[in-house]
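Hello,

Here is the structure I promised to pass on. Please have a look at it first, and then read my notes below.

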Amino acid sequence: MEVLRPPIINIEGRLYRTNIVKEQSYQNEEDDEEDFSYTGAVDCGDEPCDTFIVEQTENGFRCAMEVPSVLYKYIIGKKGETRRKIENETRTSLNIPKPGVEGEIVITGQQRSGVISARTRIEVLMESFRKKQPFSHFLSFALNQSEIQERFLKFKEEVEEKHTQEQGVDGSIFQNPAKLHLTIGTLVLLNEKEVTQACELLQQCKKEFIDAITGGKGIPVEVAGIEYMNDDPAMVDVLYAKIHVKDGSDKLQVVADQLLERFASSGLMVKDWDHVKLHATIMNTLFRKDPSAEGRTISTNWKQAPRERESFDARNILKGYSFTLLRISTFKPEEVTQYDLRQLLGLELCCICKGQGDDHSTRILRITILER
């Protein structure tokens, strides 16, 4: 950790400098739910805080905070080590619901400052370990209209007919046409309340700025041309279709960037870049071993080791289809949609809505933002 640039965590508008939160793994443990210990502390002091309520009771002070049940184990720690450390250092008592039961963690203590300090430590733990959870949802513009699917399937057929003799090119690396989309960002939603919060935020965004940016009119968009993610066209992992706004405006980009900003500021989404790279993945080598894998670069926060990928040679594909792929002069993107990633990523741990099959994802919320 750099002394002059320590890690900063923003919790409800308050900035905290934090030490490193370390994970320790133990062999031969019967219950791996407790294989986490917290060895850091936060430099928060005993500052007054008006962003949450600390009640005064006959026995001292009390504060309740909502914590997704999947994060309880990080607050408890290995054999209760983290919980005891927080209680001892802040002179408080933590009442934590049973595993798997959604509810509130109640903090009680004789001193108000101790209760505030305990809550802050729990918030820091939540923020740190939330980042280690796999993505459960993503926010996107849907690109699965029938016209696009038909043109995509035609492109796939031509590539399979003419280019399967080239290194790594086969039918398994193509995107499912029903899942074509422009990803705005990914989310970790750990319970029903957070899903509802995300839906409500998306509805607020429509009212507050999406309608104003679009003017209630369609944005003519062209999905034309293909590009690759890495530097060598002979060793490609991701091939994507490019998006162009026909009138030359930046309305679509502005909507995407402002959505990213709003969701990131709410804590529901991590902002890795200043701007959204609007693109539609059409070929991805991750699909070779896992057809349900999402077509984007997986975050380094994933616990799984990086997937081994067999790259493909895209040089001739790029030459033959650079200016003709998915050219749709009158297509207008209509929705911003949140999808459950249970099927797309093959994960179940943090997912709220069940998928409808291997080739489908469950829609959480659909909002029309542009007219046809």
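Which residue in E12 does Tyr240 stand opposite? The partner of Tyr240 is Thr281. Before more, a word on the source: this is a predicted model, where local features need pLDDT of at least 70 and side-chain atom pairs count only at pLDDT 80 or more, while totals for chains, interfaces and linings use all residues. Residues are numbered from 1 along each chain as its sequence is written, and side-chain values use heavy atoms, leaving out hydrogens and water.

Now the sheet. Strand E11 (residues 238-245) and E12 run antiparallel and are joined by five bridges; strands (E, at least two residues) and helices (H or I, at least four) are DSSP runs numbered from the N terminus, and two strands pair if DSSP finds at least two bridges between them. The open sheet has three strands, ordered E10-E11-E12, with antiparallel pairing. At its edges, strand E10 (221-228) and strand E12 (279-284) each pair on one side only.

On to a residue in helix H5 (residues 192-214): Glu194. Glu194 counts as buried because its relative accessibility is 9% (buried is under 20% relative accessible area, exposed over 50%, partly exposed in between, with a 1.4 Å probe and protein chains only). Leaving aside neighbours within four places in sequence, Glu194 is in contact with Pro68, Arg130, Val188 and Leu189 (contact means heavy atoms within 4.5 Å).

Finally, helix H2 touches helix H3 through Thr82, Ile86, Glu89 and Thr90, which meet Gly114, Ser117, Ala118, Arg121, Ile122 and Leu125 of H3.

Best wishes
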